[in-house]
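Thanks for sharing this one with me. Here are my notes, set out as numbered points to read beside the structure.

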Amino acid sequence: MFIPNQNQTLFLENTSVTPSLGKNGNFDGPCPPLTAEEFRRIEAVREATQIQVNIIFSIALIFGLPGSVLALVTLSSMAVSPTTRCMSFLAISDFTALLLASLTAYKDVTDQFFTQLERIIVYVSRIFQTFSHWNLALICVERFVSIRYPFQKSRLYTRRATFLSVGAAFTVSLVPFPSSYLSDAYFNFIYTDLEAAVTILYKLIYIIIPGGLIIICTILTARHLRRNVRHRETIGTQSEQNSRRSVTMETQLTRLMFVTVVCFVVFTFPWAFIHIYNRLLWKETYTLICPLANTIFANIFYTLWAFSFFNHAINFYVYCACAKGFRNQFLRVICCTKTETRC
C-alpha cells in the first residue's frame, strides 16, 4: 500500500483519489507555501502511517487466515444446519477476502498506481468482503426466524433454500463491482455524476443494505428471545428440562450473533463512513485543506481501512468465546474425538 505524499496521488482498493499535493508541495488553494519543518512533519506522518497500517493489517492477517480455516474445519464436523452452512460460507469468504487483500495491501510507498492485475485482485477481494457481510445478514435472518417462527423453520430453511439464499447473496455482492472498477479505472481523476452513482450503488450493496438487515434482525431477535424466555417461565414445569436445553442453545447462538454484529459495526462502519466522505465530499473540499491536515486525514483513512479487516479475522475467536457447543467441538476436533455437536 502507499500513502500520498507531496507529489503522489493515491489509488487504493476501490476508493477514489485521496487528496494529493501539487507539484510545488502545495495545494491549489489558500494554504501558504510549506516550510522545511512542515515538510519534515508530513514525511514523519507518512512514514508512521505506513508502519501503523502494515502492522494492523498484518495482525488481522495472522489471526484471520488460520482462524477461518479452524472455523471451517470445526463447522464441517458439526451437525448440518442452516446456521452451520451460513457460518461455513462466512469462513470461506473471510479467508478469501483476507488472502486476496494480502496480495496488494503491502504496496510500496513509492508506487503510484496499481497494475491492471492488481486492480482486479483488489476488486475480487472486495467482492468477498461484501459476500461476508451478506452471509452475516443471512445468519441474523436465520436467527430471527428460529426465535420468532420456530415451528416453521424446518419448512423455510431446507437445504435447497439455504443454498439458494447464499447464491443470491453472492450474486448481489457482484453487482456494483464491474461499474465500480470501470469508474475507478477511467474516471478516477474526474468527479462525475457517474462516479457518484457508482459510489452510492457500491455502498448500498457493501454495507448499507446488509448492515441494515443485520441491525434490524438483531434487535428483533433480542426482543422475541426475551419474550420467549418470559413465556416459558410462566407455563410451569412440563418438559422443563427440554425447554431449558432449547433456551440455552438458542441463547448461546443468539449471544454469538450479538457479539459478531457488534464487531461488524465497530470495525466496518467507521471505514464505510470515511470512505463515503472521501468519495463524495473530499474532492470538493481538499483544496481548502492544508498539506499537513491532508496527510493526517490519510492517516485516519488508512488506519480505519486496516481495522476493517478485523471484521473478517475475528469470527472464529468470537465463536469460541461465546458458544460453548462450538468451543467443545473445536476441542474434540483438535483431540481427534469423533463426537458430533449441534449448532
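1. A word on terms to begin with: buried means under 20% relative accessible area, exposed means over 50%, and partly exposed lies in between, with a 1.4 Å probe and protein chains only. The areas themselves come from the Shrake-Rupley method with a 1.4 Å probe, and for residues only the protein chains shown count as cover. By that scale Glu43, at 25% relative accessibility, is partly exposed.

2. Please keep in mind that this is a predicted model, where local features need pLDDT of at least 70 and side-chain atom pairs count only at pLDDT 80 or more, while totals for chains, interfaces and linings use all residues. Residues are numbered from 1 along each chain as its sequence is written, and side-chain values use heavy atoms, with hydrogens and water left out.

3. The overall fold is easy to describe: the protein has 12 helices and 0 strands. Here helices (H or I, at least four residues) and strands (E, at least two) are DSSP runs, numbered from the N terminus. Of the 343 residues, 52% count as buried.

4. Now the salt bridges, meaning a side-chain nitrogen of Lys or Arg within 4 Å of a carboxyl oxygen of Asp or Glu. The structure holds 2 of them. In one, Glu43 pairs with Arg46, with the closest N and O atoms 2.6 Å apart. These partners sit 3 residues apart in helix H1, so about one helical turn separates them. Arg46 has 5% relative accessibility and is therefore buried. In the other, Arg143 pairs with Glu142 at 3.1 Å between the closest N and O atoms, and both Arg143 and Glu142 are buried.

5. Helix H1 (residues 36–76) also deserves a look on its outer side, as it gives the most to a nonpolar surface patch, with 5 residues. The patch is formed by Ile51, Ile55, Ile59, Ile62, Phe63 and Tyr317, together offering about 560 Å² of accessible area. Patches are made of residues with over 30% relative accessible area and no salt bridge; like charges are joined within 9 Å, and nonpolar side chains (Val, Leu, Ile, Met, Phe, Trp, Tyr) within 5 Å. Phe63 lies in helix H1 and is partly exposed, with a relative accessible area of 44%.

6. How much of helix H11 (residues 315–322) is buried? The count is 6 of its 8 residues, so the helix is largely enclosed by the rest of the structure. The buried residues in H11 are Asn315, Phe316, Val318, Tyr319, Cys320 and Cys322. Tyr319 is 60 residues from Val259 in sequence, yet their C-alpha atoms are 9.1 Å apart in space. Val259 belongs to helix H8 (residues 240–280) and is partly exposed, at 30% relative accessibility.

7. Lastly, the interior. On a 1 Å grid over the protein atoms alone, a cavity is a set of points where a 1.4 Å probe fits but cannot get out, and lining residues have an atom within 4 Å of a point. Grid points are joined across faces, edges and corners, and a volume is the space filled by probe spheres set on the points. The count is 3 cavities of 30 Å³ or more, and the largest cavity holds about 50 Å³. Its lining has 13 residues, with Gly67, Ser68, Asp94, Asn315 and Phe316 nearest the centre. H1, helix H2 (82–102) and H11 each supply at least two lining residues, and H1 has the largest share, 4 residues.

Conventions
1 Å grid on protein atoms, 1.4 Å probe; cavity = no way out; pocket = protein on both sides within 12 Å on 5 of 7 lines; lining within 4 Å.
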